[in-house]
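Please open the model in your viewer and keep the sequence panel beside it. The stops below say what to select next and what can be found there.

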Amino acid sequence: MEIDKAVRESDDIRLKTKYNNAIYVIQRALALYSVEEVAFSFNGGKDSTVLLHLLRAGYYMHKAGTNLSTRDPVNDETTFPIRTIYFESSSAFPEINSFTYDTAFVYKLQMDIIRLDFKSGLEALLKDKPIRAIFLGVRIGDPTAVGQEQFSPSSPGWPPFMRVNPILDWSYSYTSIGSIHDTVPNALLCHTKTDNSEEKYKPAYLLPDGRLERAGRVKKLTSQPLNAVSNGVNHEESHWKSMSTASVIAVGDEILSGTVEDRVGSVLCRKLHSIGWVVSHVSITRNDIDAVADEVDRQKSTNDMVFIYGGVGPLPSDVTVAGIAKAFGVRMAPDEEFEEYLRHLIGERCTGDRNEMAQLPEGITELMHHDKLRVPLIKCQNVIILTATNAAELEKEWDCLIELMKSNELLVMTEPFVSKRLATTLSDVEAAQPLSDIAIKFPDVYTGAYRESRGGSIVITFTGKDEARIRAAAEALCKKFHPGAFSEVD
């Protein structure tokens, strides 16, 4: 089968890993259940279409017990035997229905069309057929994926069946479509208007941030007071987690060896702090593609934005961009627009290096132009690549970045953090319990402490976005001790 042959001939290790894992889940399900006991829920969307092709490959590999690349596809059975269920809805886009029926015809799917709601339809189907497991195109970023694993029993109150999720760990690819009642064009893809004011949109796969794929879906959101009482909830943790978070990654063996002192990271943290963002993680990684890919992969899924610097350029140790491509499971490809910038910058004297530097992650790269920058900044979904090598360069890049992201509405600007610091000669033991009490009483104020030297004073920090609350927290702490126990630090 072509998909198996194409993946196995690919040089993309991450794609092969994702593919092999999905095929393993499919084959495992087919080993646990007979073909009559499994079904495939197909809705014509991007995820279920990917899963369809994986299922076809997985089924024939299960049946043959070998790689399809060694077999003659002409002699393979042409009918796909796994029962396919499609919940047809009058609110679906006609194009979705047409695509679904065309796909069923092309791949000879045995498709059961259900015109009931999902729960009622499942109850009727499972009552009539011996189905025990259903393949679903659910990904970890989907709202319905919370708490699910590759094999997950159906939820309480639903008819009993095993949910099989072969692509649960796959990442975003295109943009999401709902019903005709709750879907509008994704404004983040709008790039121009014609003379008659008709809006035009970029292809969906160019959406710069995969987390925004549902921005074309109209949602009604309800808010809850910050101080709402909920059993078992750490309100301090909930408060800080509700804010925009960023991760900072430095790439460089020189930093790890102590040859070079990293000052860019501390400046970048202060910059993020100044726009009200929480820096959740700071890391330094080796000049190694796999090391960069692993770190980016960890941080991009748990933070709103990831800022990475170091390892960008034509040298053998400059592997940051390639590592980012690997983290997203895409290949590196020439970017003509970026190459043109490089040509103006370095001319024709370094053709080989110039072409190599113009290789960028395919399909996820957005160039962010600013007239004060010689080359545009590079944005790969929620990862920003900075080229600054020192604090002065970072200042310039940051100012340009803020302007660009404000205009594109890609960066949420919130109230900046403010801080108050108090110094004391109290011992750690004396200060510990009162500080814990303050942290509980003021969950919206981060209370921390540090020493600049072992024999020096403790510096207590109060950080938050409400100056009055910070002042109240500091005063509450001072009242727990004798007058003069604390002095304010500038």
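Two residues are in contact when heavy atoms of theirs lie within 4.5 Å. Counted in this way, and taking only contacts between residues at least 6 apart in sequence, 72% join residues at least 24 apart in this chain. The model is a predicted one, and with the whole chain on display you can look for its 15 helices and 20 strands. Of the 490 residues, 43% are buried, while the surface that the chain exposes comes to about 26500 Å², with carbon and sulfur atoms supplying 52% of it.

**First stop: strand β1 and its partners**

Select residues 38-41, which form strand β1, and show the side chains: V38 and F40 point one way, A39 and S41 point the other way, and all are buried. This is the pattern to expect in general, since in a regular strand the side chains alternate between the two faces of the sheet. Now add residues 133-135, strand β4, which runs parallel to β1 and is joined to it by 3 bridges; within β4, A133 is the bridge partner of V38. Adding residues 80-87 brings in strand β2, which also pairs with β1 in the parallel sense, over 3 bridges, and here R83 is the bridge partner of A39.

**Second stop: T100**

Move on to residues 94-106, helix α4, and pick out T100 within that helix. Is T100 buried or exposed? Its relative accessibility is 0%, and because the limit for a buried residue is under 20%, T100 counts as buried. Leaving aside residues up to four places away in sequence, T100 touches F42, N43, G44, Y86 and M111.

**Third stop: N165**

Select N165 next, in the loop that lies between β6 (162-164) and β7 (190-193). Although N165 sits in a loop, this residue is buried, with a relative accessible area of 0%. If you show its surroundings, apart from residues up to four places away in sequence, you will find that N165 touches L136, V138, Q148, E149 and Q150. For E149 there is also a polar detail to look at, as the backbone oxygen of E149 lies 2.8 Å from a polar atom of the N165 side chain.

**Fourth stop: an open sheet of 6 strands**

Which order do the strands of the open sheet follow? Colouring them one by one gives β10-β9-β11-β16-β15-β14, with mixed pairing. β10 (278-285) and β14 (365-368) are the edge strands, and each has a single partner strand, so one side of each has no neighbour in the sheet. From one strand to the next, the twist averages 20 degrees.

At the β14 edge, select residues 377-380 as well, which are strand β15; β14 and β15 pair in the antiparallel sense over 4 bridges, and E366 stands opposite K379 of β15. Then display residues 264-274, helix α8, which lies across β9 (245-251), β10, β11 (305-309) and β16 (383-386) and runs at about 155 degrees to β11.

**Last stop: two cysteines**

Finish by selecting C380 and C478, and compare their surroundings. C380 is buried, with a relative accessible area of 0%, whereas C478 is partly exposed at 30% relative accessibility. How many disulfides does a search of the whole structure find? The search of the whole structure finds 0.

Note on methods. Residues numbered from 1 in each chain as written. Predicted model: local features only at pLDDT ≥ 70, side-chain atom pairs only at ≥ 80, totals over all residues. Heavy atoms only, no water. Pairing = 2+ DSSP bridges. Helix = DSSP H or I, 4+ residues; strand = E, 2+ residues; numbered from the N terminus. Axes fitted to C-alpha atoms, helices over the stretch in contact; angles between N-to-C directions. Buried < 20%, exposed > 50% of the residue type's maximum accessible area, 1.4 Å probe, protein only. Areas by Shrake-Rupley, 256 points an atom, 1.4 Å probe, with all protein chains shown as cover. Disulfide = S-S within 2.5 Å. Polar contact = N/O pair within 3.5 Å; in protein donor to acceptor, adjacent residues only side chain to side chain.
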